[in-house]
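I opened my notebook to get to know this structure one look-up at a time. Come along and check each entry against the picture.

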Amino acid sequence: MGSIDNSIDANAVAGRRTAKAWWKESSVYQIYPASFKDSNGDGVGDIPGITSKLDYIHKLGVDIVWLSPVFKSPQVDMGYDISDYYSIHAPYGTVEDVDDLILKLHERKMKLVMDLVVNHTSDQHEWFREARSSVDSPYRDWYIWKKPVFGADGKRQPPNNWVSYFGGKFSHNASVSYQVTDIDIGSAWEFDEASGEYYLHLFATEQPDLNWENPKVRDAVHKIIRFWLDKGVDGFRMDVINFISKDPLLPNAPISNPDSEWQSGAQYYACGPKLHEYLRDIGSILKEYDAFSVGEMPEVNDVKEILNAVGYDRGELNMIFHFEIVSLDHGPGGKFTSGNWEMQDLKAIVSKWQTFMHQNNGWNALYLENHDQPRTVSRFASDKLEDRTLSAKMLATFLGFQSGTVFIYQGQELGMPNVPNGWAIEKYQDIETLNHWQEIVSTKPEDNDLHSTSLAEYRKKSRDNGRTPMQWDASTYAGFSDAKPWISVHDDYPVWNASIQVDDQQSVYHYWSNVLRLRKEFPDVLVYGSFELISPENPDVFAYTRTSETGSLALAVINFRASEISWTIPEQVKKLWSSGSIALSNYPQNKRSVVDSDIALAPFEAFLWLA
């Protein structure tokens, strides 16, 4: 169980004022293009569809729209395998469509952030095609190639024992579904018969890693960044950006999974020796344009290492996504094994990041959902129809008043849930899920219990949970498309959709809008204020205060449980309780009672008190 420490480096930085910036006061709405809105009836979302829904997004109150990758791609990993950084994936539209989107966003005083995927490319990118053509190709050193090693038995082996995050070889068809064509599950290396060498792919076989040690690679990436910034893009989300620097020796990883031939090599590439040099080069370009940046940094839990990337005066990134909260329910055997999250662990993680970043002039990216994560109401609360509105509002209160830039993923503002429990494996489209399924059915074909428990975990944690089409209205296919979508729409769309919620002032949509409105109305306390965890040992209630430099106070109280909870008001907040009022609550005020110093919190109740 996690311990809670609010004292990290406090003495060294006591009294430091938090630097202000436009991106700290902004909120971000992430769009997964394939699943947002189809404008041309092919069953796949597209950029004109996004443009058609800008008023909906604008009314929510967000400032920035972030698009998951829209660049030309074979779509082995839904666009995170880019074959041309200057062209748009044809089903999504054209470069001119992006120009129009930028124009329409800027007319609404909103910004566009694009997804920069430069740890790896597609194996269909011209750079890799050239690199693979010959060991003498001028592009050979743009990727990471190594000769095989040979065991005592003379058998060829990969250069090291690193495991791939996906493994397997996949082909992609026109309906955006994946089929296993060959099985080579595990190794992060793929053998190239023509040259007799292996290339590194930390993800799918079709996603070869770029060699950032080569200055020509870095120059090419910088050129891509400038091209899109010059077109009016306002910044980038950077995919697994901390993987771009690897230990040049590429050593074998220590044995952490004795049941596997392949081991995690993250300690040799998660924050490699030249990472901050590379990030400063990118940061200097972004600074010229006053552009936004957020980096995805998996496999790193050291707050000081991350502060090196996001410290205000470091000149690297504005903020990063860490993975501690979204890994809480992973089991001992990995993501698709069962694990129960504990309130104390959640409190320890949140308090650590909130306190450390505030005290050390860093900044947090606040998120619970994205294209790689399941839906929050299903994961951390209740997605039953009778509970879902309260649950989604409760989670919005939990996240939305913390210190950092708030990221909302499409459908989160509606409280969209995970896929239905009845989904069979044939419904899933995600490469990670299908790879895992192929592995267990091929290695343990008779283990029906494992098959059943794995399917249950997919319904909880598969990436497809966040990729079902947006539910716009009660018409066929939820108003997402006139044609059958590339992935199934959730069954509940007739009663759970944007059309209903936009017209209902008590909906999740309007609750999120109020969260964002309050952050704008009270930035000194709700954006820049310090954080203190209240009732840290309470196993049911998550409560915290925010305090501005001038002494303004806010108190957020959140009951994560589906039952009524009695909460005793701690001494340090009684003064706050004696003044001020509720600014936002997911229950009418008359549903709470105050008896002496105790509050009866209703199921999933959450409120913000401002004094």
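**Entry 1: a covered strand**

I began with strand S1 (residues 27-31) and found it mostly covered, since five of its five residues are buried. This is a predicted model, so I kept that in mind for every entry. I then looked at the two faces of S1: Ser27, Tyr29 and Ile31 are buried on one side, and Val28 and Gln30 are buried on the other.

Which strands does S1 pair with? I found strand S19 (residues 405-409), which runs parallel to S1 and is joined to it by four bridges. In that pairing Tyr29 stands opposite Ile408 in S19. I also found S2, paired with S1 in the parallel sense over four bridges. There, Gln30 stands opposite Trp66 in S2.

**Entry 2: a three-stranded sheet**

Next I looked up an open sheet of three strands, and I noted its order as S6-S12-S11, with antiparallel pairing. Strand S6 (145-146) and S11 are at the edges with a single partner strand each, so one side of each has no neighbour in the sheet. I followed S6 to strand S12 (residues 197-200) and counted two bridges in the antiparallel sense. Lys146 is the residue I found opposite Tyr198 in S12.

**Entry 3: a buried asparagine**

I turned to Asn465, which is placed in the loop between helix H12 (448-461) and helix H13 (498-502). Is Asn465 buried or exposed? I read a relative accessible area of 0%, so Asn465 is buried.

I wanted to see what its side chain reaches. One partner is the backbone nitrogen of Val419, at 2.9 Å from the side chain of Asn465. Another is the backbone oxygen of Tyr458, which lies 3.0 Å from a polar atom of the Asn465 side chain. Setting aside neighbours within four places in sequence, I listed the contacts of Asn465, among them Pro374, Arg375, Pro417, Asn418, Arg459 and Lys460.

**Entry 4: salt bridges**

How many salt bridges are there? The count comes to 31 salt bridges. I picked a few to follow by eye.

My pick to start with was Lys520 with Asp63, whose side chains meet at 3.0 Å, N to O. This pair links distant parts of the chain, as Lys520 is in helix H14 (residues 508-521) and Asp63 is in the loop between helix H2 (54-60) and strand S2 (64-67), 457 residues apart. I checked how covered each partner is: Lys520 is partly exposed at 42% relative accessibility, whereas Asp63 is buried at 17%.

Then I looked at Arg132 and Asp192, which form a salt bridge with the closest N and O atoms 3.2 Å apart. Arg132 is in helix H4 (residues 126-133) and Asp192 is in strand S11 (residues 189-192), so the pair ties together parts that are 60 residues apart in sequence. Arg132 is partly exposed, with a relative accessible area of 31%, while Asp192 is buried at 6%.

I also noted Asp540 and Arg561, whose side chains meet in a salt bridge at 2.9 Å, N to O. Asp540 sits in the loop between strand S20 (530-534) and strand S21 (541-547), and Arg561 in the loop between strand S22 (553-559) and strand S23 (565-568), so the pair ties together parts that are 21 residues apart in sequence. With a relative accessible area of 25%, Arg561 is partly exposed.

Which residues are joined into one network by salt bridges that share partners? I wrote down Asp77, Lys335, Asp372, Asp430, Glu432, Arg463 and Arg467.

**Entry 5: domains**

I stepped back to see how the protein is divided. I noted domain 1 (22-119 + 215-426 + 465-503), domain 2 (120-209), domain 3 (427-461) and domain 4 (529-610). Between the C-alpha centres of domain 3 and domain 4 I read 41 Å.

**Entry 6: confidence**

Last, I looked up how sure the predictor is. The mean pLDDT of the protein is 91, and 93% of its residues reach 70 or more. Over residues 1-15, though, the pLDDT is below 50, and this stretch has 30 contacts in the model beyond near neighbours in sequence. Residues 168-184 also stay under 50, and there the model has 50 contacts beyond four places in sequence. I left myself a reminder: where pLDDT is low, the predicted coordinates should not be read in detail.

Terms used. Residues are numbered from 1 along each chain as its sequence is written. This is a predicted model: local features need pLDDT of at least 70, side-chain atom pairs count only at pLDDT 80 or more; totals for chains, interfaces and linings use all residues. Side-chain values use heavy atoms; hydrogens and water are left out. Buried means under 20% relative accessible area, exposed over 50%, partly exposed in between (1.4 Å probe, protein chains only). A polar contact is a pair of N or O atoms within 3.5 Å; within protein, one must be able to donate a hydrogen and the other to accept it, and residues adjacent in sequence count only if both atoms are side-chain atoms. Contact means heavy atoms within 4.5 Å. A salt bridge is a side-chain nitrogen of Lys or Arg within 4 Å of a carboxyl oxygen of Asp or Glu. Domain bounds come from an automatic or database domain assignment. pLDDT is the predictor's confidence in each residue, from 0 to 100. Two strands pair if DSSP finds at least two bridges between them.
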